[in-house]
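Dear colleague,

I am passing on the structure we spoke about, and my notes on it follow below. Please read them with the model open beside you.

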Amino acid sequence: MLLYRALGSPLIRKCWDQLFTFTDTVDYFNLLNTSGTLFALHYYSEDSRWTMKKLLWTVYRTCYLMSYLSYCYKAYWMLRNWEYSTASANVLGALGLCSGALLRLIVIELNYPTIRKLQAFLNDRTYLSEDRWAWNERSKLYRHNNCFLVVLITAITVESLFFLARLLLTRPEFMLQYNGRVLGGSLVQIVYGMVTACWGIIYVLSFIVFYMLLAGFRLEMELLARSFQLLEGTLLDGLEHIITTNDQDGRQYWNKLQTTLTVRIKRHVQLLENLRLFRSIVAPFAFLQYYCTFGLIADSFFVVSFEGFTAYSMAYVLFASFLILESLLLCRGVEDLNDLQTLRFSYGAHGEISMHSFAELMQKSYSMLTFMLQLQN
């Protein structure tokens, strides 16, 4: 026990310092990108060349693709031998989750150069670098984002383990099958179940990529707005001062004011340019998020209405709660950002991202639940 404490405590302190100690050179997204590599979202490396590690990681990611193809075949076989049952809903729900996660992964891969550019922009904290209040706010954001990431990934991992124990290793429809027959022994099913559970982690982790960018831009817009407010106060005080000073002091004051104002305006232009880039990649993700959430919540409600509230159906209730939280955070965050600037974020041609769209999603989900309960009766 003493040896464990002696070895464990320094390691824990080191990890804690890396996660929650903010410095001028710290990377906001280091933990996120490392998690993305761990769960096959994207291989994060500064070196674009192929290495043995990247090759092994690609093989590891291929396991996810193979599990997805197996669910495609299970769904095909099930539709050819259709039965109105919970097993059918389980297969369709698992396929829907994996498809949603795969589509999100594709969106991130296609836009990853843009995502890295936006991350690099937010990591450049030279603007207001001498302002203590700005430093404290950025420090809070760094700790909040890492805490949010750790809590959410831990929660979805625990939920996935619960899902693995209660469903993936006990229900035949979640096992590796061919033509309705289970293949392989216990070890095969454990590995297959773990890969299936990790699809849920990929689904949530892909959202955190956009959430952390959203939080970073919201803070930078707040810092910019505050800097203009402080400049306004300085301008009023300065006007009173230069009335009683000579022309030389007046010219120095106006030159300093012009330089400061140029820096503020340049920062505003940079933020708007990067926000336009961010908006272009949020639109397809938000579109997928809205409709995948509705579909997966509908499937979860179907299982709950069919099975009732049991230990079996609670896994679906927990995951539906994650989906609702994800939609709420995205809509709330975008609405807060919209209040700070003139750009508007939308689902493409399908409406604006806002709390109104979240309320609409909840209304549709409630209507779906009511319909399923009536259908069951």
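Leu79, Trp82, Tyr84, Leu92 and Phe306 make a nonpolar surface patch of about 530 Å², where a patch joins nonpolar side chains (Val, Leu, Ile, Met, Phe, Trp, Tyr) within 5 Å, or like charges within 9 Å, among residues with over 30% relative accessible area and no salt bridge, that is, no side-chain nitrogen of Lys or Arg within 4 Å of a carboxyl oxygen of Asp or Glu. Accessible areas come from the Shrake-Rupley method with a 1.4 Å probe, and for residues only the protein chains shown count as cover.

This is a predicted model, in which local features need pLDDT of at least 70 and side-chain atom pairs count only at pLDDT 80 or more, while totals for chains, interfaces and linings use all residues. Residues are numbered from 1 along each chain as its sequence is written, and side-chain values use heavy atoms, with hydrogens and water left out.

Leu79 lies in helix 3 (residues 52-80), helices being DSSP runs of H or I with at least four residues and strands runs of E with at least two, numbered from the N terminus. With a relative accessible area of 55%, Leu79 is exposed (exposed is over 50%, buried under 20%, partly exposed in between).

Two loop residues other than glycine also deserve a look. Leu128, between helix 5 (112-123) and helix 6 (132-168), has a positive phi of about 60° and is buried at 16%. Asn179, between strand 1 (177-178) and strand 2 (181-182), has a positive phi near 55° and is partly exposed at 28%.

Best regards

Technical notes
Buried means under 20% relative accessible area, exposed over 50%, partly exposed in between (1.4 Å probe, protein chains only).
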